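Welcome to a guided tour of a protein model. Open your viewer, switch on the side chains, and follow along one stop at a time.

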Amino acid sequence: MVKRYTNSSVFLAALICIICFYSGLIKVGQRNPFISFIPKNNIEVLSGQLISSPAKYGDGKYYSSRMRVFNLKGIYQGQAVTSTAYGDVQVLIPSELVEAFYPGKLYSKSISLNNGKAFLWEAGGNYSVKGRFNSSADKFYIYECTGSDFPDNFYGRFDRLRALCRLQFKRLMYSWGEAGGLLLALLCGAKEYTSSEVSLCFRNAGLSHILALSGMHLSMFSGIAMFAGRKIKKRKLSFIIRVIALVLFVWFAGLSPSLFRAFICSLLTIIASLANVEKPDMVLILAFSFLCQTIISPSDIYSAGFILSYTALAGILLTNVFFRRIYLKFIPSYFANSLGSSTGAQVFTAPVSLYMFNSFSPIGIIATTVVSPVITIFIYGGLALILLCLIFPILATPSGFFVNLLYTVIKFLVKIFSKAVIWRII
């Protein structure tokens with residue numbers, strides 16, 4: 001199948017880039033590298049804007065985010081100085097500071113750590129923080145925030161609205177217990193309330209991709225928008241609704257590398273449909289998406305989410321027909337197609353998982369086929385109940401009962417698959 005793409009300039013360009021980037025022939029750096037005349041080890045205060053929503057990091061003691069630095073304070077030639085700066089820095093924020101307004105968290109502990117002040121930490125906000133760079137000077141560890149605000153302009157107000165919406169959504173999901181924690185992770189990528197036990201079971205069952213925002217989640221929102229567009233029976237308006245739905249979901253959830261890939265592929269597919277291309281070549285769309293994302297966000301290409309997202313989809317597109325034909329000899333068409341896609345994705349991602357994480361769960365081939373439909377029902381049901389609760393708040397408690405009922409089924413299935421053999425490199 002690959003042979004027929006050898007005459008495609010887009011496919012060849014993507015293939016050459018992959019060889020150059022991952023062989024080490026070309027080293028891709030950040031688009032906005034951090035620049036300051038004060039040595040990093042002497043920097044004590046950073047002021048800038050968060051450009052990504054904080055996400056749990058490591059063992060959960062910190063949240064990780066990216067800050068676009070405007071100015072800083074530090075020691076230069078024995079004197080305390082203030083200087084302008086440029087570029088992006090990975091900042092690690094103590095969990096107590098980020099979770100100050102989160103339901104069920106220790107607000108009082110946060111206050112005591114930050115001199116009686118609490119701030120809402122979200123992308124788009126400006127923050128002045130005290131801390132230090134680690135020994136390798138690639139991460140800035142924050143221990144205090146001295147000030148925060150959202151810019152008083154259109155974008156600032158829009159970012160503040162997003163921050164408040166995400167906070168309110170977390171409060172609703174918290175009221176639904178563990179099921180709400182899983183739904184929160186699936187709808188906006190926030191894993192603050194996802195049980196560590198359940199997260200581990202997902203990973204051991206080869207189902208980590210389900211918790212990572214990607215094409216599955218985006219296609220569901222696109223499908224809802226497409227359904228609404230068909231009811232309107234106006235083709236151009238239908239496309240507009242689909243694009244708005246995709247943009248709103250990405251805006252609310254935040255652009256992770258895997259979700260960015262899914263967003264670009266979805267937009268390209270919509271554009272192809274608008275141009276009356278009945279069956280767009282998804283391999284070429286994936287290749288073009290790779291080139292676009294590399295240009296827009298070059299630092300993504302070395303992240304696990306980016307690599308696994310592209311390799312999984314490439315495996316599905318290039319090998320699904322082959323595996324499907326094999327499975328059709330033994331099982332019905334629906335299951336053969338699902339297993340074919342799952343097998344292709346797992347075969348392509350297995351080397352990456354073994355190299356990056358020293359482990360691989362072959363049971364993920366079957367687990368994905370079984371668990372994914374249940375997850376789809378869980379998300380659609382959750383969305384319907386969320387809408388119902390917004391209209392009738394009194395239904396929040398009974399809605400939580402039904403969500404937790406389905407969550408129990410998911411947890412049971414994932415735990416069973418997580419007990420299967422895992423391949424490890426020692």
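Which residue lies over the face of Y302? Select Y302 together with K27, and you have the pair: K27 sits over the ring face, 4.8 Å from the ring centre. Before we move on, keep in mind that this is a predicted model. For a second example, select R132 and Y141: R132 lies over the face of Y141, at 5.5 Å from the ring centre.

**Stop 1: a patch on the surface**

Now select L12, L15, I16, I19, L25 and I26. These residues make up a nonpolar patch on the surface, and their accessible area together is about 550 Å². Click on I26, which is found in the loop between α1 (9-23) and β1 (43-50). With a relative accessibility of 40%, I26 counts as partly exposed.

**Stop 2: strands side by side**

Next, colour strand β3, residues 62-76. We will look at its partners one by one.

- Start with β1, which pairs with β3 in the antiparallel sense over 7 bridges. Select V45 in strand β1; its bridge partner in β3 is K73. V45 is buried, with a relative accessible area of 13%.
- Go on to strand β2 (residues 55-57), which pairs with β3 in the antiparallel sense over 3 bridges. Here Y57 has Y62 in β3 as its bridge partner. The two strands form a hairpin with 4 residues between them, and G58 in the turn has a positive phi of about 60°.
- Then show strand β4 (residues 79-84), which runs antiparallel to β3 and is joined to it by 6 bridges. Two places to click are Y76, which stands opposite Q79 in β4, and K73, whose bridge partner in β4 is T82. This hairpin has 2 residues between the strands, and Q77 takes a positive phi near 55°.
- Finish with strand β5 (residues 88-94), antiparallel to β3 with 7 bridges between them. Y63 stands opposite I93 in β5.

Did you spot K73 twice? In β3, K73 is the bridge partner of V45, and its partner in β4 is T82. While you look along the strands, remember a general pattern: in a regular strand, side chains alternate between the two faces of the sheet.

Before leaving, try your viewer's distance tool on V45 and V347. They are 302 residues apart in sequence, and their C-alpha atoms are 47 Å apart in space.

**Stop 3: opposite charges**

Side chains of opposite charge can pair when their charged atoms come close. How many salt bridges does the structure hold? There are 8, and we will visit some of them.

Select E122 and R162, which form a salt bridge with their closest N and O atoms 3.2 Å apart. E122 lies in the loop between α3 (107-113) and β6 (126-133), while R162 is in helix α4 (residues 154-174), so this pair ties together parts that are 40 residues apart in sequence. Are these two buried or exposed? E122 is buried, with a relative accessible area of 3%, and R162 is buried too, at 4%. Add R166 to your selection, and you have a network of salt bridges linking E122, R162 and R166.

Now move to D138 and K139, whose side chains meet in a salt bridge at 3.2 Å, N to O. D138 is partly exposed, with a relative accessible area of 37%, whereas K139 is buried, at 14%.

One more: D152 forms a salt bridge with R157, with 3.1 Å between the closest N and O atoms. Both of these residues are exposed.

**Stop 4: aromatic rings**

For the last stop, look at the rings. The structure holds 16 aromatic pairs. Select F154 and Y155, which form an edge-to-face pair, 5.6 Å centre to centre with 75° between the planes. F154 and Y155 are each exposed.

Compare the picture at F290 and F306, a tilted pair with 5.7 Å between centres and 50° between the planes. F290 lies in helix α11 (residues 282-296) and F306 in helix α12 (residues 304-328), so the pair ties together parts that are 16 residues apart in sequence. F290 is buried, with a relative accessible area of 4%, and F306 counts as buried at 1%.

To end the tour, return to F154 and Y155 and add F158 and W251: these four form one aromatic cluster.

Note on methods:
Residues numbered from 1 in each chain as written. Predicted model: local features only at pLDDT ≥ 70, side-chain atom pairs only at ≥ 80, totals over all residues. Heavy atoms only, no water. Salt bridge = Lys/Arg side-chain N within 4 Å of Asp/Glu carboxyl O. Buried < 20%, exposed > 50% of the residue type's maximum accessible area, 1.4 Å probe, protein only. Phe/Tyr/Trp six-rings, centres within 6.5 Å; stacked < 30°, edge-to-face > 60°. Lys NZ or Arg CZ within 6 Å of the ring centre and 35° of its normal. Patch = residues over 30% accessible without salt bridge, like charges linked within 9 Å, V, L, I, M, F, W, Y side chains within 5 Å. Areas by Shrake-Rupley, 256 points an atom, 1.4 Å probe, with all protein chains shown as cover. Pairing = 2+ DSSP bridges.
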